[in-house]
Amino acid sequence: MNPARDPDATDRDAADLDGDLGFDEPSTDQSFENALAKGRDGTRLSVDDATELLATGTDTEGIDPVRKERVLELADRRRREEVGDEVTFVANLNNNVTTACNTGCLFCNFKDSAHAFEADSDADHAGFTKTPAESRAIVEDALDMGVYEVCSVSGLHPALALNGEHHEILRSYDDPESDVNYKPPSAYATDPGTYVDQIEAMSVGEIHVHSMTPEEAYHAARGTDWDYETVYRELATAGLDSAPGTAAEILVDEVRDVICPGKIRTDDWVAAMEGAMAAGLDTTATMMYGHVETVEHRAEHLGVIRDLQDRTGGITEFVPLSFIHQNTPLYRHGVVDSGPSRDEDELVVAVARLFLDNVDHVQASWVKSGDSHGLKLLNCGADDFMGTILSEEITKRAGGDYGEFRSFDDYVEMITAIGRTPVERSTDYRTRRRIDPDDGPHGPRLGPRADGTPMLPDRSTGTSGASGGEADGGPADADD
């Protein structure tokens, strides 16, 4: 279970790192040429093969530009063979419930110390906690704009419990704050309700609720003997439709020991994903890379995801998340001096396409990479381009500056510019609508209240139309 964290622990833990993490540079018994040949032949790649391709050969330092292009070309060809030339996106909204969290992840600048949210605290912070009624109002407004997915990923607020029974169990501990990271809602200025309350509040108007990461599911079961399937079934009854496979970071425990020592381990992340799928929920899978890990760690992470998909078949897409470093403890204390390079971004997408032969869809992120580089990633093996989002805080707080909203017209213009076909999709990919670029202005049509009207007013004219630029403000999932 996650213990309560000292609010200063994140910075202290980062300051204690001396820069030498003890991770050896990878080398394998495989060769780059053999790995590429296996990818070309359609033979299932090993973790060593993926390591060679991600490194463009462990026999040389740095990324070889010629070898890199060979990997990208192969991955783009594989993408075309497997999913065609469609580029999908979804009309979605982020509604993160709270920034209150004491877990202390060193890559994160989204959270605020939960102590600052207490009713008697005079600490100044820029965070928030939304009541279930506020979450419902946000989703209702989004439905009127044609949105049909709400994505919600939040901090681990000590007052959040799965339901009323969970509150009773947590209160029964002798020292619930230390034992199970729990304080009652009455201790805080704003009561976040329970996880069930929040899911029920957001589950209105046939919207698809995409929420409850493995870490949040762990928080929703802390102090009990409930398994993950039990937790996710309770949430599914409340209206949860699918679960984001975030909180994965790098699924290698020696890396997690450095960047998120207070978070669940790899085995627990896998168990939570299996529990969600056993409860009948689709999931996604992510990898947050470009901090302290090696390319071998990235390959091992892909191996965990592929093995999980072999057993379950419930992962709809893989979402690579490029580490945004500027405002994070890892950067403030000199543990890292940057995030991944553009070359690394391209190779992660490409190798994911080649290695994850059982996951159909790979996402490119304009939030992490910007429009132009995001489009480049669509030519490296990716076939999905996220969603409209409307509000993005996780990446923004970490230092991202590529905006928080893309209109349907933005999508159509960008996707057709690279010769691909824009397609509006549902969260689960089971419903798709090809978009005619000449039939604009464009808006969502798949949502319960969608009629093709552009989602937001045109900021330059004040009339209905697409927003061509970046929006101000907001949260982020890194998932959709």
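These are legends for a handful of close-up views of a predicted model.

Because the model is predicted, local features need pLDDT of at least 70 and side-chain atom pairs count only at pLDDT 80 or more, while totals for chains, interfaces and linings use all residues. Residues are numbered from 1 along each chain as its sequence is written, and side-chain values use heavy atoms, with hydrogens and water left out.

**View 1. Strand 1, residues 86-90, is mostly covered.** Helices and strands here are DSSP runs numbered from the N terminus (helices are H or I with at least four residues, strands are E with at least two). Have a look at strand 1: 5 of its 5 residues are buried. Buried means under 20% relative accessible area, exposed means over 50%, and partly exposed is in between (1.4 Å probe, protein chains only). Glu86, Thr88 and Val90 sit on one side of the strand, Val87 and Phe89 on the other, and both faces are covered.

**View 2. Strand 1 pairs with strand 10 and with strand 9.** Two strands count as a pair if DSSP finds at least two bridges between them. Strand 10 (residues 421-425) runs parallel to strand 1, and 4 bridges join them; threonine 88 has valine 423 as its bridge partner there. Strand 9 (residues 384-387) also pairs with strand 1 in the parallel sense, over 2 bridges. In that pairing, valine 90 is partnered with glycine 387.

**View 3. Two arginines, 80 and 79, each form a salt bridge with an aspartate.** A salt bridge is a side-chain nitrogen of Lys or Arg within 4 Å of a carboxyl oxygen of Asp or Glu, and the whole structure has 34 of them. Arginine 80 reaches aspartate 76, with the closest N and O atoms 3.0 Å apart. Both of these residues belong to helix 4 (residues 65-83), 4 residues apart, or about one turn of the helix. Arginine 80 is partly exposed at 39% relative accessible area, whereas aspartate 76 is buried at 11%. Arginine 79 meets aspartate 85 at 2.7 Å, N to O. In this pair the arginine is buried at 1% and the aspartate is partly exposed at 35%.

**View 4. Glutamate 86 and arginine 434 form a salt bridge.** Their closest N and O atoms are 2.9 Å apart. This pair links distant parts of the chain: glutamate 86 is in strand 1 and arginine 434 is in strand 11 (residues 432-434), 348 residues apart. Glutamate 86 is buried, at 16% relative accessible area, but arginine 434 is exposed, at 58%. Elsewhere, salt bridges that share partners tie Lys68, Glu69, Asp343, Glu346 and Lys376 into one network.

**View 5. Glutamine 363 sits in a loop between strand 8 (361-362) and helix 16 (366-369).** This glutamine counts as buried, with 1% relative accessibility. Its side chain makes a polar contact of 3.1 Å with the side chain of aspartate 384. A polar contact is a pair of N or O atoms within 3.5 Å; within protein, one must be able to donate a hydrogen and the other to accept it, and residues adjacent in sequence count only if both atoms are side-chain atoms.

**View 6. Helix 15, residues 342-355, is largely enclosed by the rest of the structure.** That is because 11 of its 14 residues are buried, among them Glu346, Val349, Arg353 and Phe355. The end C-alpha atoms of helix 15 are 20 Å apart, which agrees with the 20 Å expected for 14 residues. The expected span is 1.5 Å times one less than the number of residues.
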